[in-house]
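Me: Please take one part of this structure and look at it closely, following its surroundings outward step by step. I would like a connected account rather than a list.

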Amino acid sequence: MGFFSFLGRVLFASLFILSAWQMFNDFGTDGGPAAKELAPKLAFVQKFLNSKLGEGSPKIDVRHFVAASIVLKGIGGFLFVFGSSLGAYLLLYHLAYTIPLLYDFYNYNYGEPEFMALLQEFLQGIALFGALLFFVGMKNAIPRKQLKKQTPKTKAV
């Protein structure tokens, strides 16, 4: 069972590790294609924060956002391979702040072609989030040391 558990973690984490590696290779000086895709969405979030917090709200730099995604996916993926709960929590944090931002199906009407594509990606991200929650829950449910049952010794009469 141990080997299959490790293999499952490797296959699951490879999604995040390979994505982080690709984003790192494409990063460049402008943040790469990920930054170009995220820039209008982060501008919308920045506009919302400015409306709620005023002009003194912190500025979100798209390159820093992409760099944080690379770090969380890369480190979280490698730690997850070795069964670390910290790796799972890093991946959960990454998914929690990127899924609603990247897959904004709620900004489109039902009949539009973007709606179904973004909804599918959103649901896949939610499924990954659920799998990580399952891992964390199972990791916390298993006691660290399982006591061996000792057979009672027979008494000599």
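Reply: Gly 74 has a relative accessible area of 15% in this predicted model, and because the limit for a buried residue is under 20%, Gly 74 counts as buried. Gly 74 belongs to helix α3, and, leaving aside residues up to four places away in sequence, Gly 74 touches Ile 17 and Ala 20. Asp 26, which is 48 residues from Gly 74 in sequence, lies 15 Å from Gly 74 in space, C-alpha to C-alpha.

The two contacts of Gly 74 form part of the meeting of α1 with α3, in which Ile 17 and Ala 20 are listed on the α1 side and Gly 74 on the α3 side. Two packed helices are described by the angle between their axes and the distance between the axes. For α1 and α3 the angle is about 155°, and the axes are 8 Å apart; since angles over 145 degrees count as roughly antiparallel, α1 is roughly antiparallel to α3. The crossing in which α1 passes α3 is left-handed.

On the α1 side, the residues that meet α3 include Phe 6, Arg 9, Val 10, Phe 12, Ala 13 and Phe 16, while the α3 side includes Val 66, Ser 69, Ile 70, Lys 73, Gly 77, Phe 78 and Phe 80. By residue class, this contact divides into 14 nonpolar, 4 polar and 2 charged residues.

Trp 21 is also found in helix α1, but, with a relative accessibility of 53%, Trp 21 counts as exposed. The C-alpha atoms of Trp 21 and Ser 69 are separated by 11 Å, although these residues are 48 apart along the chain.

From the α3 side of the contact, Phe 80 leads on to the largest nonpolar core, which has 19 residues and in which Phe 80, Ala 88, Phe 105 and Leu 132 touch the most other members. The elements that give two or more residues to this core are α1 (2-26), α3 (62-81), α4 (85-102) and α5 (113-141), and the largest share, 7 residues, comes from α5. Phe 80 itself touches Arg 9, Phe 12 and Ala 13, and its contacts also include Gly 87, Ala 88, Leu 91, Leu 132 and Phe 135, again not counting residues up to four places away in sequence. Separate from this is a second core of 15 residues, among them Leu 38, Phe 65, Leu 101 and Leu 102.

Technical notes. Residues numbered from 1 in each chain as written. Predicted model: local features only at pLDDT ≥ 70, side-chain atom pairs only at ≥ 80, totals over all residues. Heavy atoms only, no water. Core = buried A, V, L, I, M, F, W, Y, C linked by side-chain atoms within 4.5 Å. Buried < 20%, exposed > 50% of the residue type's maximum accessible area, 1.4 Å probe, protein only. Helix = DSSP H or I, 4+ residues; strand = E, 2+ residues; numbered from the N terminus. Contact = heavy atoms within 4.5 Å. Axes fitted to C-alpha atoms, helices over the stretch in contact; angles between N-to-C directions. Parallel < 35°, antiparallel > 145°, perpendicular 65-115°, else oblique. Left-handed = near helix turned anticlockwise from the far one by under 90°. Nonpolar A, V, L, I, M, F, W, Y, C, P; charged D, E, K, R; others polar.
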